[in-house]
Every structure is written in structure tokens, then in C-alpha cells.
Amino acid sequence: MDFSIAMTGFVALYVFMLAAFAGWVIIGHVPAILHTPLMSGSNFVHGIVVVGGLYALLNASATQQQVIGFVAVLLGAGNAAGGFAVTQRMLAMFQTSDAKPMPHHLHGHAHARVHHLKTR
Amino acid sequence: MLANLPQLIIGLADLVAAFLFLYGLQRMSSPATAPSGILMAGFGMVAAVLASFLYVFSVDAAAQPHLAVNIGLALIALVAGGGLAWLSGKRVAMTAMPQMVALYNGMGGGAAGAIAAVELFGNKTQGATQLLVTLLGALIGAVSLSGSLIAWAKLEGVIKKPLRVRGQQIVNAAAMLAALAVAGVILFASLGGAPLLLATPTWIYIFFGLALLFGVLMTLPIGGADMPVVISIYNALTGLAVGLEGFVLQNPALMIAGMVVGAAGLLLTLLMAKAMNRSVANVVFTNFGDAPKQVQGAIKGSLRPVEASDAGIAMRYAGKVIIVPGYGLAAAQAQQKLYEFVKLLQAAKVEVKFAVHPVAGRMPGQMDVLLAEAGVPYDMIFQLEDINDDFATTDVALVIGANDVVNPAARTEKSSPIFGMPILNADKAKQVYVVKRGEGKGYAGIQNGLFYGDNCNMVYGDAQAVLVKMIEAVRGLGAAAA
């Protein structure tokens with residue numbers, strides 16, 4: 001079996017078109033109240049660029065490429081980790097009136113609240 | 001078959017990651033499901049990153065001798081970049097969220113640009129199309145990096161004033177055209193033409209220099225209050241750059257994730273510009289403060305200052321209260337006090353709702369996050385289109401630290417710069433209390449007719465101090481009654 005991937009010409013354009021359409025529709029359904037976490041969350045999603053950085057770095061064959069590849073992974077990892085951390089923090093703050101009141105300033109309680117919302 | 005196994009695992013992990021990104025974003029359509037959504041997207045990311053280490057089984061022959069060093073570098077970069085960003089993300093104050101998002105976004109753009117640089121310097125692209133897409137992704141990524149950093153500096157207060165010079169737009173256009181011309185030179189040389197004047201690597205350095213310069217030049221003239229739109233634009237651009245580099249690396253997960261974010265960023269940019277009553281081009285190419293000030297018709301009536309305690313007691317005996325918070329509330333860090341006051345009102349059987357304008361705060365939705373942080377349940381927070389009809393049947397509208405977003409001139413005065421902007425109809429409430437530091441104007445620099453209305457009272461002072469007085473007054477009332 002052949003597991004290689006060939007994304008050329010129109011195949012690539014179709015992938016781009018469908019992805020853009022999906023993004024537009026999905027994000028159109030996000031309520032305005034969540035627009036800040038949405039922006040940081042979509043910011044997190046393009047942190048997948050770290051995977052491209054890893055590919056470039058692992059295939060580096062000269063010092064110059066190693067340095068730039070290192071920077072690519074460093075920045076990409078920052079994008080992904082930071083984007084995730086802030087999004088998760090913000091989303092954990094949203095709760096309903098019937099939720100048990102929790103000390104909002106203690107981030108350690110964030111996980112408990114995530115769990116609570118998930119089980120609703 | 002066995003040689004194919006790493007490729008198969010990488011392919012499957014990327015496929016799962018792409019699905020989890022889409023599904024995770026889809027779960028953001030409700031605050032109840034959103035936390036699990038980001039968690040799923042996070043799992044997708046971890047899976048893709050771990051699987052990408054399987055690339056070690058298929059590296060180029062030229063990279064083979066460097067493999068051990070490269071793996072070490074990759075681990076260090078992952079731990080250092082990821083660790084630092086994780087810690088900063090866990091610590092950043094909610095009010096500083098816009099500049100943090102700008103920073104993470106710039107990192108993504110820089111990563112896309114750096115990947116392109118490795119491909120270009122290593123001469124790894126094949127054919128004109130790949131090279132062209134690499135250059136395009138590099139250009140967009142580099143612009144997004146330097147532009148986001150300037151946006152961060154402005155929001156953080158490192159750069160205080162918009163920097164504008166005569167002929168700025170001509171300089172900007174020249175920088176962009178020069179970058180495109182250099183891209184043409186690189187394309188020409190790489191496709192077998194004789195290198196022009198300089199060696200190709202030198203041209204690549206010049207190309208990145210010009211792209212970074214353009215990002216700086218483009219962002220410097222834009223005012224700090226317009227940064228939310230700018231961040232959103234750069235978010236979309238980084239997504240686009242990641243998608244394009246995904247094509248170069250033949251990685252569909254990058255293509256899909258990048259393009260989804262590109263479209264999402266574009267949609268958010270348009271929504272925000274609409275809420276600010278301006279076109280995207282107007283935000284990027286002109287400056288609000290520069291617009292000639294229209295002569296306003298004289299506003300009839302006078303300002304009526306009242307004591308905070310009286311306003312607090314009036315709300316205690318109201319049936320329905322709608323609170324309109326603005327950035328002034330966050331600037332005074334009074335969200336917690338506000339919710340404390342709201343809980344007192346609720347205990348006295350007053351129906352309280354929050355009305356949030358789309359551009360309240362320094363990025364869209366930031367006021368919602370700040371209220372949630374203070375513990376306000378999200379079912380009490382209403383967006384403009386859902387609550388605007390309620391004002392007419394509301395006893396008291398309490399406006400705290402907001403100004404332009406409740407200015408009725410947006411509905412009535414054709415000559416006003418904010419005419420046509422969607423506003424919260426606080427003026428329709430039976431009674432309006434406006435908490436304000438002083439008699440100053442809002443960001444748009446125009447008078448607010450709401451403040452002069454017959455139904456309006458001004459409570460001057462720092463929001464935090466005013467709320468403390470309101471709380472004391474209502475508590476005192478409870479003690480006297482009991």
C-alpha cells in the first residue's frame with residue numbers, strides 16, 4: 001500500500017477551498033461572548049506550524065538551516081503552548097448561574113470547573 | 001511495508017489532529033462545550049507533534065550525519081519555546097490578553113517564515129509553483145511576525161503614539177514592491193537564470209529584511225485602539241502563511257489548520273470592523289483621530305451629577321436593571337466590586353442583566369472574559385442584538401466606563417463620525433446612571449447626548465470607589481430595614 005501524500009495543483013486548491021469554507025462556517029456559529037477565546041483558540045490551531053518546523057529542523061543539513069529550523073520550532077512551540085494555555089484558562093472562567101460558586105481568582109480550580117461544564 | 005510504517009503513523013496522527021482541530025473549534029459554539037473543545041484540539045496537537053519525530057526514519061541523505069544533533073535541538077526548542085509560552089500564558093492578566101495573543105500570533109508567523117527560510121536557503125523546493133508558494137508564505141509570515149510585534153508593543157504601551165510621516169503610504173508601497181521584486185529575482189535565479197548582481201542567499205536575506213520592514217511600517221501608523229482589528233488581520237495572515245508552507249511541505253494538516261484559521265480570522269476582522277462602523281481599509285490606511293471633526297449641533301439640557309449612594313439605592317428599589325460595562329470598568333479593575341453589587345441587587349429580587357457591546361474592551365469579547373473572570377455567570381451576559389429591545393422596559397440602565405457605544409448620535413446624527421455604528425440603547429431606559437471619571441469625551445472625541453437626557457444622572461468618580469459607595473449604601477439599607 002502507498003501512504004505517500006501528493007498535494008499538487010487542483011487537489012491542493014480543493015483542500016484549501018474546503019478548509020476555508022469549513023473555517024468560515026464553524027467560526028460563524030461561535031457566539032460573540034466567546035470571541036476572545038475563539039481568537040486565541042484559532043491562534044493555537046495555527047500553532048500546528050511547529051510540526052512543519054520539526055520537519056524542517058530534522059532535515060537540516062547545514063548550520064544555517066539548523067539555526068533557522070531551531071528558531072522555527074522554538075516559535076511554533078511557543079505559539080501552540082501559549083495559545084492553548086490562555087484559551088483553556090479563559091474558557092474555564094465561563095460558568096452558569098446554577099453552577100456552584102467557586103473562587104474565581106484561584107486558577108487551580110479551573111480544572112474542576114472544566115469538568116463540571118463537560119458533564120452538564 | 002515496514003519502511004512505510006512511520007509514514008503511515010505520521011499520516012494518521014496528522015489526520016486525527018486536523019479532525020480534532022475542526023471538531024474542537026466547532027465545540028466553541030457554546031460556553032458549555034468550549035472547554036472540552038480546546039482540550040480535544042490540544043490532544044490533536046500533542047499527537048501531531050509526537051508523530052512528527054518519526055520523520056527521523058526518512059530524513060534526507062544530506063541531513064543523516066546531523067540527525068542526532070537535530071533531534072537534540074528539536075527537543076530543546078520544544079521544551080524552551082513551549083515551556084516559556086505556557087508559563088507566560090498561565091500568568092498573564094486577563095486585561096493583557098490582547099497583547100499576549102498578538103505575541104503568540106507573531107511567533108506562529110515567524111515559525112512559518114523560518115520554515116520557508118530553511119527551504120529557500122537549502123534550495124529544497126522543487127519547481128516554480130513550490131518556490132512561488134514558499135516565497136509567498138515567507139512574505140506573509142514575516143509581515144505577520146514583525147507586524148504582530150509592533151501591535152504587541154503598542155498594546156503593552158512600549159510604543160505610545162501612532163507614528164506617522166508624510167508620504168507613509170508611498171514608503172509602505174515601495175517596501176512591498178521591493179520585496180516582490182526581490183522575490184522575482186530569487187525565482188529567476190533558482191529556475192536556472194544567472195544570479196543578478198548578488199548571490200542568491202544574499203537576495204534571500206534582503207527579501208526577508210524587506211518583508212519584516214513592511215510589517216513594521218504597515219503597523220506603526222495604526223492607533224492603539226484599532227489594534228484589535230490589526231491582531232485579527234495578522235491572525236488570519238499567519239493562518240494563511242502556515243497553510244501555504246503546509247503545501248510546500250506536502251502536509252495536509254498544516255494546509256487545513258492554516259486555511260481554517262485564515263478564514264476564521266477574515267470573518268472576525270470583518271465582524272469587528274462592522275462593530276466599529278468602519279471598513280477594514282479605513283482601519284489599516286487611515287487614522288480615526290485624524291478625521292476632520294464635524295461641528296456638532298449644540299446639545300440641549302444639562303449634566304446632573306448625583307451621589308453614588310443615591311444611585312445605588314435607586315437600583316436597589318428598581319425592578320429591572322441593565323448594566324453596560326466598558327473598558328473604563330476594567331481600567332479601574334472594578335469588575336469584582338461590580339459583581340458584588342449585582343449580587344446584592346439580586347438578593348433584593350432585582351432582575352439584573354449585563355449588556356456587552358461587540359467592541360467593549362481591547363479585543364472583541366474581552367469584556368465577556370473579564371466579567372466571567374469576576375465570576376459573573378454567562379447566562380447573565382447578553383450581546384447587543386439580544387438585549388437592545390429590553391432597554392425600553394428597563395427601570396435603570398447603569399453605564400460604567402462606556403461612552404461611544406451608548407451614544408445616541410449613532411442613530412440620529414448623520415454628520416457624526418459614529419453615525420450608523422450599532423449602539424446599546426441605554427437612553428431608552430426609564431432612568432440612566434452613568435459612572436464616569438469626569439466630563440471627558442470618549443475615544444471618538446465627541447459629545448454624548450445620552451448624558452444630557454432628562455432621564456440621565458451622572459455619578460462622577462473612579463468606578464471602584466463609586467461601587468464601594470453603592471455597596472455600602474445598599475448594605476446600610478438592609479441593616480436599617482432589618
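Good morning. I shall begin with a charge and a ring in chain B: B:Arg316 lies over the face of B:Tyr317, at 4.6 Å from the ring centre. A second arrangement of this kind involves B:Lys353, which lies over the face of B:Phe382, at 5.0 Å from the ring centre. Please bear in mind throughout that this is a predicted model.

Let me now turn to chain B as a whole. Its secondary structure comprises 17 helices and six strands. The C-alpha trace spans about 85 × 55 × 35 Å along its principal axes. Of the 482 residues in chain B, 56% are buried. Among contacts with a separation of 6 or more in this chain, 77% are between residues 24 or more positions apart.

As for the surface, chain B exposes about 19,400 Å², and carbon and sulfur atoms supply 66% of that area. The chain carries 30 positive and 26 negative charges, and the mean positions of the two sets are 4 Å apart.

I come next to the aromatic rings. How many aromatic pairs does a search of the whole structure find? Over all chains, there are seven. One of them is formed by A:Tyr55 and B:Tyr55. This pair is edge-to-face, with 4.8 Å from centre to centre and 75° between the planes. Why does the pair join two chains? A:Tyr55 lies in helix H3 of chain A, residues 49–58, whereas B:Tyr55 lies in chain B, in the loop between helix H2 (34–52) and helix H3 (67–91), so the contact links the two chains. As to exposure, A:Tyr55 is partly exposed, with a relative accessible area of 26%. B:Tyr55, by contrast, counts as buried because its relative accessibility is 9%, and the cut-off for buried is under 20%.

A further pair consists of A:Phe84 and B:Trp86. These rings are stacked, at 5.9 Å centre to centre and with 15° between the planes. A:Phe84 belongs to helix H4 of chain A, residues 63–93, and B:Trp86 to helix H3 of chain B, so this pair too joins two chains. Which of the two residues is buried, and which is partly exposed? A:Phe84 is buried, with a relative accessible area of 11%, while B:Trp86 is partly exposed, at 34%.

Finally, A:Phe84 and B:Trp86 belong to one aromatic cluster together with A:Phe44 and B:Phe21. Thank you for your attention.

Definitions and conventions. Residues are numbered from 1 along each chain as its sequence is written. Chains are lettered from A and ligands numbered from 1 in the order in which they are written. This is a predicted model: local features need pLDDT of at least 70, side-chain atom pairs count only at pLDDT 80 or more; totals for chains, interfaces and linings use all residues. Side-chain values use heavy atoms; hydrogens and water are left out. Helices (H or I, at least four residues) and strands (E, at least two) are DSSP runs, numbered from the N terminus. Buried means under 20% relative accessible area, exposed over 50%, partly exposed in between (1.4 Å probe, protein chains only). Contact means heavy atoms within 4.5 Å. Accessible areas come from the Shrake-Rupley method with a 1.4 Å probe; for residues, only the protein chains shown count as cover. Lys and Arg count as positive and Asp and Glu as negative; His and the chain ends are not counted. The place of a charge is taken as NZ of Lys, CZ of Arg, CG of Asp or CD of Glu. Rings of Phe, Tyr and Trp (its six-membered ring) pair if their centres lie within 6.5 Å; planes under 30 degrees apart count as stacked, over 60 as edge-to-face and the rest as tilted. A charge sits over a ring if NZ of Lys or CZ of Arg is within 6 Å of the ring centre and within 35 degrees of the ring normal.
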